[in-house]
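Trainee: Could we go through this structure together? I would like to see how each term is earned.
Mentor: Gladly, let us have a look.

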There are 2 protein chains.
Amino acid sequence: MQATPIAIADPPLRNSSGLHAPYALRTIVELVSEDGISGFAETHGGGRILDDIERSRPLVVGCDAYDLGRLRLAVNAEHGHSSQTMDTAGSMRTAQRVFGALEVAALDLIGKATGRPVCDLLGGRVRDEVFFSAYLFYKHAGGGGEGDDAREDRWGEALTPEDLASQAQRMVAEYGFPSVKLKGGVFPPETEIETVMALRDALGPEMPIRIDPNAAWTVETSIRVAQSLAGVLEYFEDPTPHMDGMSAVRRELCETGHDIPLATNMVVTSFADVAEAVQKDAVQVILGDHHYWGGLRAITHLGQLCETFDIGLSMHSNSHLGLSLLAMAHVATATPHLSYACDTHYPWQDPADEILIGGPVPIRDGSVRVGDEPGLGAEIDRDALARGYERYRQRGYRERDDVTEMRKHVDPNWEKKLPRW
Amino acid sequence: MQATPIAIADPPLRNSSGLHAPYALRTIVELVSEDGISGFAETHGGGRILDDIERSRPLVVGCDAYDLGRLRLAVNAEHGHSSQTMDTAGSMRTAQRVFGALEVAALDLIGKATGRPVCDLLGGRVRDEVFFSAYLFYKHAGGGGEGDDAREDRWGEALTPEDLASQAQRMVAEYGFPSVKLKGGVFPPETEIETVMALRDALGPEMPIRIDPNAAWTVETSIRVAQSLAGVLEYFEDPTPHMDGMSAVRRELCETGHDIPLATNMVVTSFADVAEAVQKDAVQVILGDHHYWGGLRAITHLGQLCETFDIGLSMHSNSHLGLSLLAMAHVATATPHLSYACDTHYPWQDPADEILIGGPVPIRDGSVRVGDEPGLGAEIDRDALARGYERYRQRGYRERDDVTEMRKHVDPNWEKKLPRW
């Protein structure tokens, strides 16, 4: 097992927690079988997950790549199954994060050993193309990186409704995305309503639009925004914090005849959260993410669970490279109930930082095509991986901290406050 | 694809629907890959399932054994996903039954092609032994079969509490079962309460005991029996018909301080039934069965679902041979949440009817050991299979009909009535 931390340039994107740093952090996990076949996974980055993965080394080395049931139990025991950690995507269980990475690498390895794509190991595909959504951000000028590694900015500053409409048009034109999502929670709600309406004007009424203010709004504000955007939103993601807040928003919207689905990757981040969400009707769409739900098979379980309870299923993304995108695509294609285009930050990453041989995974007509190549369908460019590691080593970022970045670059007195409005 | 209907001797076992016929019917499905590897599955028997499987032939032949996601959609479309059929195990969806058989055969084939046990294709085992429960029946004398094929009766008549206690002691001594289940709904509830108490006296207070009257009792009777058996039952299976009946029993038991879990394989027989059951708190243990839940991966999904909603998971059985037992064992070992010993009718079958090379699958110390042999870990004895087919052909049984058997052998005026008491 080899876990390699890397840093990749990330533009100054805004959200309710502040500002993206010049680098996003990822970890590349490699498992090598005794016959010399390597399987890879990409997961969250920084020092803590790296330590967590390293702690699992004695459980992994010598393990059979198929023996994932017992490995999961061992990882759970090692990390304390119920221990929780917090980061920007909400409450995540360390064990599920570690096991998720190990499982993806093991499945890539098995796929390569047997000559089968990973989706075939998950029950087989139900579609060849997996659709993704454009992920629109308010942003400052700059393309990420810093110092002599600063990148050119393809997208420019985008801090007004007009800027976002233009960003959306370019991104949809370039990638063919069938849906767009606005990362909100940055400006006062009226500005973000205006932005959504500008997106609608720019993209036409057929384009599904989502907004995700990451819990920046009170229950009352959430209800007001939803009513203002009635008939415009495909779904309304995490407008307000906490299960009870989401439930209150839902109840009021239903009572006033606004049956807009609430989506989440903040109040439901593991199977342990689902029963309460169902009981309180707090969410109508769950954004799964194999990186913290415990791997690809866990997402197929989540698909059946969502189907059973008539909950929609979409997919969450952090800043990521192509290996994560491929893993998302493989599990998405083997999950019949996946009912929405998935999130992806991929267009924000600099193709120069991709670690796959052949460069970035193509997104064409809004979708990633899952082919018949073994495993995840990609090989690692070890020189590119080494460059990513060098950036990690030299640039010094060790954990994501959007608040500090916000203070450093935008407003020294900025405070994170959820809800803010 | 080859689907072979077989008949196997079945003793005159009683239940709330009547009497087992002299033969139980099963179907053996074989899928042969173009490189000549065969995968096998065992499923329900008789003419209808055989026709249903044959209707799927054009969907299966030429299909890649890994391509199960698309096969499932195609089978669903062929059989009408929402069409329901009824048999003794409740409402079953034809498509799920057909796909379940095809999936098991495909996984056996994949396992044999890759040299891996089926449990490894499902996420890997979490245990090596899968525990089963003794399945006790009121029965008449006779070991099944008829005419010149009539079998010797190892077990004898068992129609009194004392007979059942003796049956239980022999079966537990012979197989080491760690739990026993009484098939009830045959005699008045007082007699069955008496039988449970006789089992307890014979086996000791540590032995978990379940009773399953298959919906023979009213809500009131169910409550009365549960209260009489407070502290004795491990779980209380399908005492009364319908979701609302089960829910009413549960509510009253909780209100009177009897927190005995209600189990079911009658009111929850597919994912479509789960949401209502959760909402009404109608069942606390679901008995899964890959034969009608849609295969082995579906059971792993059910395991996660049950864990998520804090519902126990056990496993249902019909009369079956070793291939079904092995499939149950493989999925059970890859389903961490499986929280109870599984049902099995296997001891009631005549070893002479087994179709596996080497004879019956051993149950030792109450468990089936899942080994590392490829696929389900068994090879088919084609001569034994041919003998099973001959019995099917000659003996003329084409569907299970416990009512007709009851009238023929016990009481010509017998009527099925659920609830009866």
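Mentor: Keep in mind that this is a predicted model. Let us start where the chains meet: across the interface of chain B and chain A there are four salt bridges by the rule.

Trainee: What makes the pair Asp128(B) and Arg70(A) a salt bridge?

Mentor: Their side chains come to 3.3 Å, N to O. The cut-off is 4 Å between a side-chain nitrogen of Lys or Arg and a carboxyl oxygen of Asp or Glu, so the pair Asp128(B) and Arg70(A) qualifies.

Trainee: How many residues are in contact between chain B and chain A, and how much area is buried between them?

Mentor: On chain B 30 residues touch 30 residues of chain A, where contact means heavy atoms within 4.5 Å. The buried area is about 2700 Å², with 58% from carbon and sulfur atoms. On the side of chain B, Tyr66(B), Gln304(B) and Phe309(B) lose the most area to chain A, together 21% of what that side buries.

Trainee: Why are the two copies said to be related as by a two-fold rotation axis?

Mentor: In general, a rotation about an axis and a shift along it relate two copies of a chain. Here chain B is superposed on chain A by a rotation of 180° with 0.0 Å of shift along the axis, at an RMSD of 0.0 Å. The relation is thus as by a two-fold rotation axis. In chain B, the C-alpha nearest that axis belongs to His301(B), 2.4 Å away. Both copies also use the same surface, as 100% of the contact residues of chain B recur in chain A.

Trainee: What makes the second largest space a cavity, and which residues line it?

Mentor: A cavity is a set of points where a 1.4 Å probe fits but cannot get out. The structure has four cavities of 30 Å³ or more, and the second largest has a volume of about 70 Å³. Its lining includes Leu121, Leu122, Arg297, Thr300 and His301 from both chain A and chain B. Helix H12 (296–308) of chain A and helix H12 (296–308) of chain B are the elements giving two or more residues to this lining.

Trainee: And which residues lie nearest the centre of the largest cavity?

Mentor: Tyr66(A), Leu121(A), Tyr66(B), Ile110(B) and Leu121(B), out of 14 lining residues. The volume of this largest cavity is about 110 Å³. By class, its lining has eight nonpolar, two polar and four charged residues. Helices H4 (94–114) and H5 (118–121) of chain A, and H4 (94–114) and H5 (118–121) of chain B, each supply at least two residues of it.

Note on methods: Residues numbered from 1 in each chain as written. Chains lettered and ligands numbered in written order. Predicted model: local features only at pLDDT ≥ 70, side-chain atom pairs only at ≥ 80, totals over all residues. Heavy atoms only, no water. Least-squares fit on C-alpha atoms with pLDDT ≥ 70 in both. 1 Å grid on protein atoms, 1.4 Å probe; cavity = no way out; pocket = protein on both sides within 12 Å on 5 of 7 lines; lining within 4 Å. Points joined across faces, edges and corners; volume = space filled by probe spheres on them. Helix = DSSP H or I, 4+ residues; strand = E, 2+ residues; numbered from the N terminus. Nonpolar A, V, L, I, M, F, W, Y, C, P; charged D, E, K, R; others polar. Buried area = accessible area lost by both parts, 1.4 Å probe.
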